[in-house]
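This report describes one protein chain, going from single residues to the overall fold and back. Keep the sequence and the structure in view while reading.

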Amino acid sequence: MEAATAAGVYIPHLCHHPEYTPHGSCKLCTVKVNGRTCSACTFPAMEGQDVLNNTKELNDDGKKSHKCCLLKVIICALVAKKPETANCRQSPII
Ligand code: FES
């Protein structure tokens with residue numbers, strides 16, 4: 001993720017933040033590295049890698065991940081009954 005950002009390539013992401021340890025939970029940053037599907041935020045960049053981040057397959061999967069994340073946030077907020085104070089990382093359903 002950092003290598004792509006440094007190269008001026010935007011990779012959509014949701015759970016990644018440069019100040020926290022990557023955990024790869026939302027899958028919104030999924031890319032293909034040398035033909036293998038992986039999370040850009042957790043997969044280490046190395047010289048010579050062939051990275052694809054904008055294919056029909058990846059974009060379709062990204063839309064599904066985005067919908068799934070939004071659904072989790074909505075469920076978490078409903079379970080918490082106080083959406084403004086909901087902490088989804090502590091929810092047993094996520
Ligand atoms: S940004 Fe969420 S898995 Fe990479």
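Asn34 sits in the loop that runs between S1 and S2. The model is a predicted one. With a relative accessibility of 53%, Asn34 counts as exposed, because the cut-off for exposed is over 50%. The backbone of Asn34 has a phi near 50°, which is a positive value in a residue other than glycine. Most residues other than glycine have a negative phi.

Lys27 also has a positive phi, of about 65°, and is not a glycine. Lys27 belongs to the loop between H1 and S1. Its relative accessibility is 41%, so Lys27 counts as partly exposed.

**Overall fold**

The protein has two helices and three strands. Along the sequence these follow the pattern α-β-β-β-α. The protein has 94 residues, of which 26% count as buried. Among contacts with a separation of 6 or more, 25% are between residues 24 or more positions apart.

**Two serines and Lys27**

Which residues does Ser65 touch, not counting residues up to four places away in sequence? They are Cys26, Lys27 and Leu28. Ser65 is part of helix H2, which covers residues 56–80. In sequence, Ser65 and Lys27 are 38 residues apart, while their C-alpha atoms are 6.2 Å apart in space.

Ser39 lies in strand S2, residues 36–39. Leaving out residues up to four places away in sequence, Ser39 touches Gly24, Lys27, Cys29 and Thr30. Lys27 is thus in contact with Ser39 and also with Ser65.

The table gives the relative accessibility of several residues.

| Residue | Relative accessibility | Class |
|---|---|---|
| Cys29 | 2% | buried |
| Ser39 | 7% | buried |
| Cys38 | 10% | buried |
| Ser65 | 16% | buried |
| Lys27 | 41% | partly exposed |
| Asn34 | 53% | exposed |

**Core and cysteines**

The largest nonpolar core has nine residues: Met1, Ala4, Ile11, Cys29, Val31, Val33, Cys38, Ala40 and Cys41. One of them, Val31, has a list of contacts outside its neighbours within four places in sequence. These partners are Ile11, Arg36, Thr37, Cys38, Ala40, Val51, Leu52, Asn53 and Leu58.

How many disulfides does the structure hold? The number is zero. For Cys38, the nearest cysteine sulfur is that of Cys29, at 8.2 Å, and Cys38 is in no disulfide. A disulfide would need the two sulfur atoms to be within 2.5 Å, so this pair does not qualify. Cys29 is buried, with a relative accessible area of 2%, and Cys38 is buried as well, with 10%.

**The second largest pocket**

The second largest pocket holds about 290 Å³ of space. It is lined by 16 residues, and those closest to its centre are Met1, Ala3, Ala4, Ala45 and Val51. Helix H1 (2–6) and strand S1 (30–33) are the elements that give two or more residues to the lining. H1 gives the most, with three residues. By type, the lining divides into 13 nonpolar, two polar and one charged.

Some names in the pocket appear elsewhere in this report. Met1 and Ala4, which are among the residues closest to the centre of the pocket, also belong to the largest nonpolar core. Val51, likewise among those closest to the centre, is in contact with Val31.

Definitions and conventions: Residues numbered from 1 in each chain as written. Predicted model: local features only at pLDDT ≥ 70, side-chain atom pairs only at ≥ 80, totals over all residues. Heavy atoms only, no water. 1 Å grid on protein atoms, 1.4 Å probe; cavity = no way out; pocket = protein on both sides within 12 Å on 5 of 7 lines; lining within 4 Å. Points joined across faces, edges and corners; volume = space filled by probe spheres on them. Helix = DSSP H or I, 4+ residues; strand = E, 2+ residues; numbered from the N terminus. Nonpolar A, V, L, I, M, F, W, Y, C, P; charged D, E, K, R; others polar. Buried < 20%, exposed > 50% of the residue type's maximum accessible area, 1.4 Å probe, protein only. Contact = heavy atoms within 4.5 Å. Core = buried A, V, L, I, M, F, W, Y, C linked by side-chain atoms within 4.5 Å.
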